[in-house]
Structure formats: structure tokens, C-alpha cells
Amino acid sequence: MLEQPFMPRGKGWYDVRLTSDVAEAFRGVASDILDELKDTTDPGLRRLFPPAYKDDPQREEEFEVMTRDDLLIRKRNAAEAVVKSIDKGKSKKGTWSGRIDEELAQAWLAVMNDARLIIGTRLDVTEDMEPEALPPAHADAPQYNLYLVLGALQWALVEALMVGLPPGVEN
């Protein structure tokens, strides 16, 4: 990943520069999320749809009926927007570049968050784990290292979005 992947350009626009590998991986993640949302019973997706009423199955079912479709639509729309925005960008000499607005930035954040929830659930990531890359020979290295890259990317985008906030809002 490049040092400053998101650069505010005023009026709600951000220039984005990623290594081509990171852009391709992120596009793949968004595409995978679209595929995985076709079967929301997959246990790996449980963190995307957390229960609101764990101790009351009837209320939980009612809540799910009222919210699930809207949540699915928003997740699909965000993933589709990410795929399209990466496809619109340009790759040259190992660097991908593009431009996103604040609405698209929110879609990027949503997809990063969803991907990290899915990967973290499948790898049983816990808060007490060290956030250090695994060696390539480790069986979980590709997924866990992607989890770390997405976290760094998410943090960088949040920081870029905070640039336009009035002083004191971030506290």
C-alpha cells in the first residue's frame, strides 16, 4: 500500500492511489462479498447480521424480517459501487489511481468493514492477537494479511475523511 492512499481534493472529492495489487485485492474482496451475499446463511457471514435480540427468538425474527432486506441491499450496493469505481480507475506501472466522492468513500468503508468482519470471523481473530503480518508459509497468511491491509486502508480513509471536519469533532 502506498503511504498516503487517500488525498482530499476539496468539495468532497478524494484522489486514491494504491498499489495495483492492493486495488486488485480490494476489488476481489468486493466481488467476493457480492457472491457471498447470495447465501446469507453461511456462518462466516454471521457478524454482518448480528442478532438484535439474542434472548428473544420471536423478537429477533420480527427484527430480521423488518431489516434484513434493506441491509442486504445496502451491502450489495456498496460492493457493486466499489467494483465499479476500481474498474473506472487507471493502473500504470504497478499503481492504481482513481477518484471517489464522500458517498463512494462511505461505500469503500462499508466494504472494508464487511470484509474484515467476514475474514476475522473465519480466522477467529481476537482483540488480543498481534496485528503483525504472518509469514507467507503460514496457512492463514493470505487471508490474515489481507485483513491487516484492509484495516490499514480503512484507517487511512477515515483519516482522510476527517480532514474536512471542524476542529474538535474527532474527539
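## Close-up views of a predicted model

**View 1. D114, a buried acid on a helix.** D114 is found in helix α3, which covers residues 102-123. This is a predicted model, so treat each view as a computed picture. Is D114 buried or exposed? Buried: its relative accessibility comes to just 5%, and the cut-off for that label is anything under 20%. Leaving aside residues up to four places away in sequence, D114 touches I33, L48 and K75. One of those partners, K75, is a lysine, and Lys is counted as positive while Asp is counted as negative.

**View 2. F26 and its neighbours.** Over in helix α1, residues 20-36, sits F26. With a relative accessible area of 1%, F26 is buried, because that value falls under the 20% cut-off. Which residues does F26 touch, once those up to four places away in sequence are set aside? The list is V82, I86, W108, V111, M112 and L150. For a sense of distance, take F26 and W96: they are 70 residues apart in sequence, and their C-alpha atoms are 11 Å apart in space.

**View 3. The β1-β2 hairpin.** Strand β1 takes in residues 6-10 and pairs with β2 in the antiparallel sense, over 4 bridges. The two strands form a hairpin with 2 residues between them. In that turn, K11 has a positive phi of about 50°. At one spot along the pairing, G10 stands opposite W13 in β2; at another, F6 stands opposite V16 in β2.

**View 4. Strand β2, with its two faces and its other partner.** Strand β2 runs over residues 13-19. Y14, V16 and L18 make up its covered face, whereas W13, D15, R17 and T19 sit on the uncovered one. So how many bridges link β2 to strand β4? There are 7, in the antiparallel sense, with β4 spanning residues 95-101. L18, from the covered face of β2, stands opposite W96 in β4.

**View 5. Stepping back to the whole chain.** Now for the backdrop to those close-ups. The chain has 4 helices and 4 strands, and along the sequence they come in the order β-β-α-α-β-β-α-α. Why does the overall spread look like that of a compact globule? A compact globule of 171 residues would have a radius of gyration near 16 Å, and the chain has 17 Å, which agrees. Along the principal axes, the C-alpha atoms fill a box of roughly 55 × 45 × 35 Å. As for burial, 36% of the 171 residues count as buried. Among contacts with a separation of 6 or more, 68% are between residues 24 or more positions apart.

**View 6. Surface and charge.** The accessible surface of the chain is about 10,900 Å², and carbon and sulfur atoms account for 51% of that. On the charge side, there are 21 positive and 31 negative side chains. The centres of these two sets lie 9 Å apart.

Conventions
Residues numbered from 1 in each chain as written. Predicted model: local features only at pLDDT ≥ 70, side-chain atom pairs only at ≥ 80, totals over all residues. Heavy atoms only, no water. Rg over C-alpha atoms; globule rule 2.2 N^0.38 Å. Buried < 20%, exposed > 50% of the residue type's maximum accessible area, 1.4 Å probe, protein only. Contact = heavy atoms within 4.5 Å. Areas by Shrake-Rupley, 256 points an atom, 1.4 Å probe, with all protein chains shown as cover. Charge placed at Lys NZ, Arg CZ, Asp CG, Glu CD. Pairing = 2+ DSSP bridges.
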